[in-house]
Amino acid sequence: MALTTFPGYTPAAGKGIRFDHLTALLAGLNATGAWTQVTYAGGNFTGNGSMTWTVDSGDQLRFAYRRFEKTIAVLFALGTTTVGGTPSTDLRITIPLGLTSADRSQGWLYYIDNGTHGAGLATTVASGTQILLAKSGFGNWAASTNLTSVYGYIEIETTN
Amino acid sequence: MAADYLILSTTRSTPADLASALTQWRAQIAADVGYVQLDAKTFNLKKEGSWTDTQKATAQTVLDTAPTASPQLDAQHTLDDLPIWAKALALVIMDELNILRGQHALAPRTQAQLITAMKNKAATL
């Protein structure tokens, strides 16, 4: 279907919108809807306190974002990861692009905690640079070897 | 040594009891085998070091022949990791029973015996 107009814009008589110009405009606004995969880096994944979270490159089934103005949407699917050290409450994912959360955000989380399935919460806090993954009831994550998986989605208002 | 992954698909018509499968994968292949289920019939297995052909075949066989998931098996697995309140309930009853057993010159039941008995009972329900 030819793209000839959009709400609020009336082309001159006999003229239409050049699709390549519109596409370039939307790309400049980060409004194409395209998702960007985050390049793997082990440092993007940590535990709070003395808990360790090891996510190998092959564990990163999906870690991607979509940004528009001061909102970033992040989805993640991380499988067969390892939790060690002193068990604690948060597995943490660095917000892509080095962005900072402007306020609290909440998203959904489904997890497999050392083999036990559950639903939890993905959150950010004001001025935070990480997504915090908490189990149902905010209990400690269990130590595991290649048996912790997390899947989730969150939209975050960012400071810039 | 780097982590290595193995994608497995199964043609079995019933869902596998994955706790049983994991026990067998770890016993027969490596103690650090982990898995994530990608869909109803596809699994991504992980361990340190490359998968040998023998290990791949073993992993497939374990998945294909694992017992079918059931409420009875779920209950038995849960008994290996009871919450504290459930342990307290069971152990209080056992302690009381052991007092009575002692009055009849019978040896006390142990916690291991209790868990085994509960698993056996779960299998019959």
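Here is a quick briefing on a predicted model with two chains, A and B. Chain A has one helix and ten strands, while chain B has five helices and three strands. Eleven residues of chain B touch nine residues of chain A. The notes below go through chain B, two of its helices, the contact between the chains, and then chain A.

**Chain B overall**

- Chain B splits into domain 1, covering 3-68, and domain 2, covering 73-124.
- The centres of these two domains of chain B sit 32 Å apart, going by C-alpha atoms.
- Walking from the N terminus, you meet the elements of chain B in the order β-α-β-β-α-α-α-α.
- Chain B has a radius of gyration of 19 Å, whereas a compact globule of 125 residues would come in near 14 Å.
- Along the principal axes, the C-alpha atoms of chain B take up a box of roughly 60 × 35 × 25 Å.
- Just 14% of the 125 residues in chain B are buried.
- Take the contacts in chain B between residues at least 6 apart in sequence, and 70% of them link residues at least 24 apart.

**Helix α2 of chain B and its surroundings**

- Helix α2 of chain B runs over residues 53-65, and its 13 residues should span 18 Å at 1.5 Å a residue; the end C-alpha atoms are 18 Å apart, so the two agree.
- The buried residues in α2(B) are B:Gln55, B:Ala59, B:Val62 and B:Leu63.
- These four residues share one side of α2(B), because they cover an arc of only 95° around the axis.
- As a reminder, an α-helix has 3.6 residues a turn, so residues three or four places apart point the same way.
- Flip to the other side of α2(B) and you find B:Asp53, B:Thr54, B:Ala57 and B:Thr61, which are exposed.
- What do the buried residues of α2(B) pack against? They pack against β1, α1 (18-28) and β3 of chain B.
- B:Leu6 is a handy residue to look at in strand β1 of chain B.
- Setting aside neighbours within four places in sequence, B:Leu6 is in contact with B:Leu45, B:Trp51, B:Lys56 and B:Ala59.
- B:Leu6 still counts as partly exposed, because it has 18 C-beta neighbours inside 10 Å and a buried residue needs 20 or more.
- B:Leu6 and B:Asp80 are 74 residues apart in sequence, and their C-alpha atoms are 28 Å apart in space.

**Helix α4 of chain B**

- Helix α4 of chain B takes in residues 84-103; its 20 residues should span 28 Å at 1.5 Å a residue, and the 29 Å between its end C-alpha atoms agrees with that.
- How many of the 20 residues of α4(B) are buried? The count is zero, and α4(B) is hardly covered.
- Just past α4(B), B:Ala105 adopts a positive phi of about 60°.

**Where the chains touch**

- On the chain B side, β1 (3-9), β2 (34-39) and β3 (42-48) each bring at least two residues to the contact with chain A.
- By type, the residues of chain B that touch chain A come to six nonpolar, two polar and three charged.
- For a look from the chain A side, try A:Thr80, which sits in strand β5 (residues 71-85) of chain A.
- Beyond neighbours within four places in sequence, A:Thr80 is in contact with A:Asp59, A:Asn146 and A:Ser149, and also with B:Gly34, B:Tyr35, B:Val36, B:Asn44 and B:Lys46.
- Why does A:Thr80 count as buried? Because A:Thr80 has 26 C-beta neighbours inside 10 Å.
- A:Thr80 and A:Asp56 are 24 residues apart in sequence, with C-alpha atoms 8.6 Å apart.

**Chain A: overview and two loop residues**

- Read along its sequence, chain A goes α-β-β-β-β-β-β-β-β-β-β.
- Buried residues account for 31% of the 160 residues of chain A.
- Of the contacts in chain A with a separation of 6 or more, 67% are between residues 24 or more positions apart.
- A:Glu69 lies in the loop between β4 (60-68) and β5 of chain A, and its phi is positive, near 50°, though it is a residue other than glycine.
- A:Glu69 is exposed, because it has 10 other C-beta atoms within 10 Å.
- A:Leu97 belongs to the loop between β6 (90-94) and β7 (105-113) of chain A, and it too is not a glycine but has a positive phi, about 65°.
- A:Leu97 counts as partly exposed, with 14 C-beta neighbours inside 10 Å.

How values were computed. Residues are numbered from 1 along each chain as its sequence is written. Chains are lettered from A and ligands numbered from 1 in the order in which they are written. This is a predicted model: local features need pLDDT of at least 70, side-chain atom pairs count only at pLDDT 80 or more; totals for chains, interfaces and linings use all residues. Domain bounds come from an automatic or database domain assignment. The radius of gyration is taken over C-alpha atoms; the globule rule is 2.2 Å times the number of residues to the power 0.38. A residue is buried if 20 or more other C-beta atoms lie within 10 Å of its own, exposed if 12 or fewer, and partly exposed in between; C-beta atoms are placed from the backbone. Two residues are in contact if their C-beta atoms, placed from the backbone, lie within 7 Å. Ala, Val, Leu, Ile, Met, Phe, Trp, Tyr, Cys and Pro count as nonpolar, Asp, Glu, Lys and Arg as charged, and the others, Gly among them, as polar. The expected span of a helix is 1.5 Å times one less than its number of residues. The arc is that of the directions from the helix axis to the C-beta atoms.
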